[in-house]
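Visitor: Hi, I have a structure to look through with you. Could you walk me around?
Guide: Happy to, just ask away.
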Amino acid sequence: MALISLQEISLAFGGPLVFDKLSLQLEAGERVAMLGRNGVGKTTLMKVMAGQVQVDRGEIIYQKGVKVTHLPQEVPADIKGTVFDIVFSGLGERAKLLSDYHHVTHRLHTEQTPFLLKELDRLQAEIDHANGWDLEAEVEDVLAHMKLDGEADFETLSGGQKRRALLAKALVIKPEILLLDEPTNHLDIDTINWLENLLKDYPGTLFFVTHDRMFMTHLATRIVELDRGKIFNWTCNYQTFLERKQMALEVEAAHRVEFDKKLAEEEIWIRKGVKARRTRNEGRVKALERMREEKRHQRQQIGKARIQTQEAESSGRLVIKAAHLGFSYDDKCLIRDFSVQIMRGDKIGVIGANGSGKTTLLRILLGKLEPQKGKVRLGTNLEVLYYDQLRQQLDEEKTIIENVTEGGDTVTINGKPRHIIGYLQDFLFTPDRARTPVKVLSGGERNRLFLARLFTKPCNFLVMDEPTNDLDIETQELLEELLMEFSGTLILVSHDRHFLNNVVTSTIVMEGQGEVYEYAGGYDDWVSQRKSSLASSAVPIKEEQRPAVVTAPKEILKRNLSTKEEAELGRLPALIEKLENEHTKLSEVLADITFYQKDPKEVERVRAKAEQLGEELLRAYARWEYLEELQETKKP
């Protein structure tokens, strides 16, 4: 018998059906990921399963004695107490036993009555039976991994910290069914990896909503999709799901075209002359009426967002040059002696633990915050767009339209005027929704609005701080394609490992204690370059391998460039571009999984060539930076 069974449930909130005779069963030990576009009812379905929302029709059957715990997206407003007490309270009866035991033990210090001694024996026996002695240690362990202070007052925490505390509470309860709504939101990569490993070994049943594709790929044993009020089951991995889903949509589209063609033919037949109407087949008439009814109830698939950037004139080749940066906040060192050189067209990811200083580093690199040590030099002709993690540039009281246009009813996109309603429909805002105030929008809608506002401006340097939070997977994939095709420079802060792998060409990692290093490639490349596991400290690139840190010795800076060195400096940009192109082509070959099915000798030859080109490129960058810095030093 299923742990929970939803049988033909229907629910509407005064509009189209959110659930239309929806059926779903969860079996013991499953890890089920639910997918669906923003606004299709994923959160509502979880609330139904948790008993928080009643359905209009249908039946929900629970196996006798099954416990269901729900981690919501929204933080309840009535939670009070310390973080430890809130998490500990999730242990229910076992927590009460331990609390009573401590209370009795405390009383025995002042009064040793037979009743208290007997009560102490009873509590000890029950705690033994419930395996309750290690509960406090379990709570402390979860809090440590979630990076939470158990003594902190819950009401003083940020929204992200509150969600992490509630996630910790859900994890220590260990119910038979654990419902998780976007559990990776506001978690850094180390914590996401820890959570993945914990949930892989979770003895109960998991039902979770996530837009984190790698998290889903690593965890899900089954995928269900909520689409137009129905649940569709896919017993496969995520990649296979995408392929099968595309095939299903193509078949559906073909059937719909055939249906519309048949309906049009029948409508022509029914409108023929008097003679035809007198002799018409009543069965055919009834069939036409059924087709009309079916047409009225058809629900079209939600459209895809259509996002495009406006690219400004190219910037100079050098975008940012930062040398020996240092920055501390109070007694905490965030950045210690970090140097980097960012060139036009680079796509750089920035990752690190929450509070490690990622946003601070962005502000320093953009010239918005003065470093306490070191210097930053910005290139020429930069048109910067900054996608703020907190979306502080949105006015909560104004409508969606007002936040994009700031007056008027048109926007200029790539030199051509567009009506604001049509433009916002590209970002999946209906005309009615476009006139609503920002304060009522969901997280995903806010992200789409911010993208709509952002891309009304041309740019050649795009800086994005957590752009994928709350975006549905299809919009994430569209944004990925846009960023990969973007010819300008990109700096991307993200905890989305899949997104980083697909977009960035190098990664800046905030390692903690002020250590900041740059690695070639995306998230998986970073992991492969570390000698230890993800939870341990990273091993940085050797100094001779990182051109951004190579500086000329002080005694050499005292002389001018020779004629030969000036000629060499003039040739280096072309040489670097040639090496970059060759290295990029080989990297694309090595990134193709099918390549490794070829002759092993050929694979090894290409890998060796790519490594050789990489070393030549690093040496060329280091030499170019050295000569350029030497030249700058001697300028009058």
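Visitor: How much area does the chain expose?
Guide: The chain exposes about 32,700 Å², and carbon and sulfur atoms supply 50% of it. Accessible areas come from the Shrake-Rupley method with a 1.4 Å probe, and for residues only the protein chains shown count as cover. This is a predicted model, where local features need pLDDT of at least 70 and side-chain atom pairs count only at pLDDT 80 or more, while totals for chains, interfaces and linings use all residues. Residues are numbered from 1 along each chain as its sequence is written, and side-chain values use heavy atoms, with hydrogens and water left out.
Visitor: And what share of the residues is buried?
Guide: Of the 636 residues, 47% count as buried, meaning under 20% relative accessible area (exposed is over 50%, partly exposed in between; 1.4 Å probe, protein chains only).
Visitor: Why is helix H12 largely enclosed?
Guide: Six of the eight residues of H12 (residues 358-365) are buried, so the rest of the structure largely encloses this helix. Among them are Leu361, Leu362 and Ile364. Helices (H or I, at least four residues) and strands (E, at least two) are DSSP runs, numbered from the N terminus.
Visitor: What comes after H12?
Guide: Gly367 follows H12, with a positive phi near 80°.
Visitor: Switching topic: is Glu196 buried or exposed?
Guide: Glu196 is in helix H7 (residues 189-200), and counts as buried because its relative accessibility is 2%.
Visitor: Which residues does Glu196 touch?
Guide: Leaving aside residues up to four places away in sequence, Glu196 touches Met214, Phe215, His218, Leu219 and Arg497. Contact here means heavy atoms within 4.5 Å.
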